[in-house]
Amino acid sequence: MNVSYASDPFPGTNLRIGSSGSDVLKMQRFLNVIGRQYPSIPVLKEDNFFGYKTEQAVRIFQRLFALSDDGIIGVLTWNKIVSVHDGIPGGTVPYPGTPLIVGSRGEAVMHMQRQLNRIRQSYPALPSLQEDGIFGPKMREAVIIFQQLFLLPAHGAIEESTWNAIEKAAGNLPDDPLVPWDGTVLSYGSIGGQTIILQQYLNDIGDAYPAIPAVAADGKFGVETQNAVMMFQHLFDLKVDGRVGEKTWNRLLQMKSYLMRQE
C-alpha cells in the first residue's frame with residue numbers, strides 16, 4: 001500500500017512533462033534542496049512548469065534512489081522526494097562559513113541568487129538576478145535592498161545572519177505566489193518566464209470560466225494565448241486588444257486570488 005506523507009500528501013495526479021501549478025513548484029523546490037547534497041541533480045528554475053529539465057532532474061533522483069526512472073512524479077517518487085527533503089535539517093542549505101561579497105563565485109552564490117529571485121515574487125523591489133554564480137554589483141544591490149526590507153545591517157555582504165534570513169524568507173513564500181506586473185507589456189511574440197506565468201493564470205481562471213480556451217504553458221505568446229487573453233478581456237470588461245499590460249495583469253491577479261480563496 002502506498003502511503004502519502006501527512007505534511008505533503010500526494011496530490012492524486014501524476015506530474016509529468018507539461019504539468020504546471022503549485023505541486024510542480026513544490027517538487028522543484030524540494031529537488032533543488034536535495035540537489036545541494038546530490039550534485040548530479042541539476043539546478044531547476046522554480047517556475048511552476050514541468051519541462052524537460054525538471055524531467056531530467058526527476059530521472060536522476062529516481063536512479064539515485066532505486067526507483068523506476070520514467071521521469072514522472074507518481075506517488076512513490078513523490079513520497080521519496082518528500083522523505084529525502086524532510087531528512088535535510090530545516091529543508092534549508094547551511095551557511096558555507098565564509099561571507100559572500102562582490103567577486104565571490106560558485107554554487108553558494110548561485111543558490112543565493114536563486115533564493116533572492118524567489119523572494120522577489122513577493123518583494124518586487126528586489127532586482128531580478130542572473131543565476132550565474134558570480135557576485136556582481138547588481139547582486140550587491142539586491143542584497144542591500146533585502147537587508148533594508150528585513151531590518152538587517154545594509155552592508156551588501158551575505159554573512160551568516162543575512163544568509164539565514166534569505167533562507168527563511170524563501171522558505172516562507174506561499175506555494176503559489178501571485179506575481180506582480182513587472183512593467184513589461186506582453187503581446188504576440190513575447191517569450192519567457194512572465195509569459196509562462198500568464199499562461200498558467202489563464203488556464204487556472206479558465207477552469208472556472210470555460211469560455212477562456214486552454215493554452216500550452218510553454219512561454220511562447222502565440223495565437224492561442226492571444227485568443228485566451230482577448231476572451232479574458234471580453235469577459236471582464238477590459239479593452240479587447242490581446243495585449244497584457246498593467247490593467248489586464250492586475251485583473252488576472254484579482255481573479256486568481258479570488259479563485260484561490262474559494263478552494
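Of the 263 residues in this protein, 48% count as buried. Keep in mind as you look around that this is a predicted model. The protein has nine helices and zero strands, so if you walk along the sequence you meet the pattern α-α-α-α-α-α-α-α-α. Among contacts with a separation of 6 or more, 53% join residues that are 24 or more positions apart.

Let's stop first at helix H2, which runs over residues 52-64. A quick check works nicely here: at 1.5 Å a residue, its 13 residues should span 18 Å, and the C-alpha atoms at its ends are indeed 18 Å apart, so the two values agree. Which residues of H2 are buried? They are Thr54, Glu55, Ala57, Val58, Ile60, Phe61 and Gln62. Just after H2 you will find alanine 66, which takes a positive phi of about 55 degrees.

Now move on to a pair of helices, H4 (residues 107-119) and H5 (residues 137-149). Their axes come within 11 Å and cross at roughly 55 degrees. Angles from 65 to 115 degrees count as roughly perpendicular and those under 35 as roughly parallel, and H4 and H5 are therefore oblique to each other. Their crossing is left-handed.

What makes the contact between them? From H4 come Val109, Met112, Gln113, Leu116 and Ile119, while H5 brings Met139, Ala142, Val143 and Phe146. Sorted by class, the contact of H4 with H5 has eight nonpolar residues, one polar residue and no charged ones.

Methods:
Residues are numbered from 1 along each chain as its sequence is written. This is a predicted model: local features need pLDDT of at least 70, side-chain atom pairs count only at pLDDT 80 or more; totals for chains, interfaces and linings use all residues. Side-chain values use heavy atoms; hydrogens and water are left out. Axes are lines fitted to C-alpha atoms, for helices over the stretch in contact, and angles run from 0 to 180 degrees between N-to-C directions. Helices (H or I, at least four residues) and strands (E, at least two) are DSSP runs, numbered from the N terminus. Angles under 35 degrees count as roughly parallel, over 145 as roughly antiparallel, 65 to 115 as roughly perpendicular and the rest as oblique. A crossing is left-handed if the near helix is turned anticlockwise from the far one by less than a right angle, and right-handed if clockwise. Contact means heavy atoms within 4.5 Å. Ala, Val, Leu, Ile, Met, Phe, Trp, Tyr, Cys and Pro count as nonpolar, Asp, Glu, Lys and Arg as charged, and the others, Gly among them, as polar. The expected span of a helix is 1.5 Å times one less than its number of residues. Buried means under 20% relative accessible area, exposed over 50%, partly exposed in between (1.4 Å probe, protein chains only).
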